[in-house]
Amino acid sequence: MFACGDRVQVADTGPGQGVIDKLVERSSLLYRSDAWRQKLIAANATQVVMVVATEPSFSDEFVSRCLCAAESQHLKVLIVLNKTDIPAGLADARSRLASFVRLGYPVLELSALDNVDALRSLLVGETSLLVGQSGMGKSTLTNALIPEARAETREISEVLDTGKHTTTFARLYPLPEGGGLIDSPGMQTFGLVHLDNEALEASFKEFRPYAGQCRFRDCRHDSEPGCALREAAERGEIEGRRLRQFLQFRAECENGRRQAQGW
Ligand SMILES: Nc1nc2c(ncn2[C@@H]2O[C@H](COP(=O)(O)OP(=O)(O)O)[C@@H](O)[C@H]2O)c(=O)[nH]1
Ligand SMILES: [Mg+2]
Ligand SMILES: [Zn+2]
């Protein structure tokens, strides 16, 4: 199966004709999955740009999930808080992003309708994948960054006769400054069933210093005595909410894998 951003080698089979010979090895592959399906989002991205907005309100659990997916592929992460021209939700959005700021993730505030220059400069030389729930402004950002994209979006929605700009598949646009931008369809869920327990734990980057520090080698970070992660949470070094999210995602992944195996 191919993903947006894949590179292929094409063999010449005649004038103006060719066949795909070979898929070039991917440097990264972002996907989401539940028990039944894997959905490839994009290949060869170097950076994930997580788009949230002042409205509609976003889910910080969704942000955590995307961060896991990005971290598991060792991708750079940038969080964009869009629609700062709508002041109503701004304070709430900032307070929900504060815990990600404390983890060291950069947050850029902007309005896609106003000025995207600050974002443009962070995209140079990267292949950036825009991800986020629908309605956050990913396609609007794409259009602001790449004027030609606007026409194409309109054509696509006319063909589909939806009457509005909706993104139904991921698409890679080259950036005039070098690098590329991938607009992806809005998603409401982001399953991580493809991550095994070890990969999931490592994708919570603040947990990494505590890896191997629990009293029991096979600690589930649940109720075992001497759990380094729980102790760190009690000392306030990691957030209890992130630890609870980890336990929740892990349970979901384990259930998903059990279902996939038909238990
Ligand atoms: N006020 C305001 N509206 C925006 C901004 N960015 C996007 N929108 C609007 O939000 C809606 C959803 O945007 P869209 O780009 O389709 O979101 P996507 O689903 O993430 O691709 C559209 O009506 C946009 O016009 C912004 O910075 N400010
Ligand atoms: Mg869109
Ligand atoms: Zn533990």
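Helices (H or I, at least four residues) and strands (E, at least two) are DSSP runs, numbered from the N terminus. This is a predicted model, in which local features need pLDDT of at least 70 and side-chain atom pairs count only at pLDDT 80 or more, while totals for chains, interfaces and linings use all residues. Residues are numbered from 1 along each chain as its sequence is written, chains are lettered from A and ligands numbered from 1 in the order in which they are written, and side-chain values use heavy atoms, with hydrogens and water left out.

**Exercise 1. The shell of ligand 1**

Work out which helix gives the largest share of the shell around ligand 1, and describe how the protein contacts and covers this ligand.

Solution. Begin with the shell, where a residue is near a molecule if one of its heavy atoms lies within 4 Å of it. Ligand 1 is surrounded by 15 residues, and the closest are Asp85, Ala112, Gly135, Lys138 and Thr140. Sorted by class, the shell has 4 nonpolar, 8 polar and 3 charged residues, where Ala, Val, Leu, Ile, Met, Phe, Trp, Tyr, Cys and Pro count as nonpolar, Asp, Glu, Lys and Arg as charged, and the others, Gly among them, as polar. Helix H4 (residues 138-145) supplies the largest share, 3 residues.

Next, look for polar contacts, that is, pairs of N or O atoms within 3.5 Å; within protein, one must be able to donate a hydrogen and the other to accept it, and residues adjacent in sequence count only if both atoms are side-chain atoms. A polar side-chain atom of lysine 138 is 2.8 Å from an oxygen atom of ligand 1, whereas serine 139 places a polar backbone atom 3.0 Å from an oxygen atom of the ligand, and leucine 113 places one at 3.5 Å. On its own, ligand 1 has 580 Å² of accessible area, and the protein covers 73% of that area, as computed by the Shrake-Rupley method with a 1.4 Å probe; for residues, only the protein chains shown count as cover.

Finally, consider the helix itself, taking buried as under 20% relative accessible area, exposed as over 50%, and partly exposed as in between (1.4 Å probe, protein chains only). In H4, 6 of its 8 residues are buried, namely Lys138, Ser139, Leu141, Thr142, Asn143 and Leu145. Alanine 112, from the loop between strand S7 (107-109) and helix H3 (117-123), counts as buried because its relative accessibility is 10%.

**Exercise 2. The zinc site**

Identify the protein donors of the zinc ion (ligand 3), and explain why their arrangement is called tetrahedral.

Solution. Donors are N, O and S atoms within 2.8 Å of the metal (3.2 Å for Na, K and Ca), and sites may look incomplete because water is not among the atoms. The protein donors here are Cys214 (SG), Cys219 (SG), His221 (ND1) and Cys227 (SG), at 2.1 to 2.4 Å from the zinc ion. Along the sequence, these donor residues follow the spacing C-x4-C-x1-H-x5-C.

The angles settle the geometry: the 4 donor atoms subtend 104 to 115 degrees around the zinc ion, and the arrangement is therefore tetrahedral, a label that requires all angles of four donors to lie between 85 and 135 degrees. For comparison, the ideal angle for four tetrahedral donors is 109.5 degrees. Of the donor residues, cysteine 214 and histidine 221 are both buried. Glutamine 213, by contrast, is exposed, with a relative accessible area of 53%, and belongs to the loop between helix H6 (197-202) and helix H7 (228-234).

**Exercise 3. Helix H1 and its flanking loops**

Decide whether arginine 65 is buried or exposed, and find the backbone exceptions at proline 56 and histidine 74.

Solution. Arginine 65 sits in helix H1 (residues 60-72) and is buried, because its relative accessible area is 8%. Its side chain makes a polar contact of 2.8 Å with the side chain of glutamate 61. Aspartate 60, also in H1, counts as buried at 13% relative accessibility.

Turning to the backbone, most residues other than glycine have a negative phi, and most peptide bonds are trans. The peptide bond from glutamate 55 to proline 56 is cis, with omega near -5 degrees, and proline 56 lies in the loop between strand S5 (47-53) and H1. Histidine 74 has a positive phi of about 55 degrees although it is not a glycine; this residue is in the loop between H1 and strand S6 (76-82) and is exposed, with a relative accessible area of 73%.

Methods. Four donors count as tetrahedral if all angles lie between 85 and 135 degrees; four count as square planar and six as octahedral if opposite donors are over 155 degrees apart and all others between 65 and 115; anything else is irregular.
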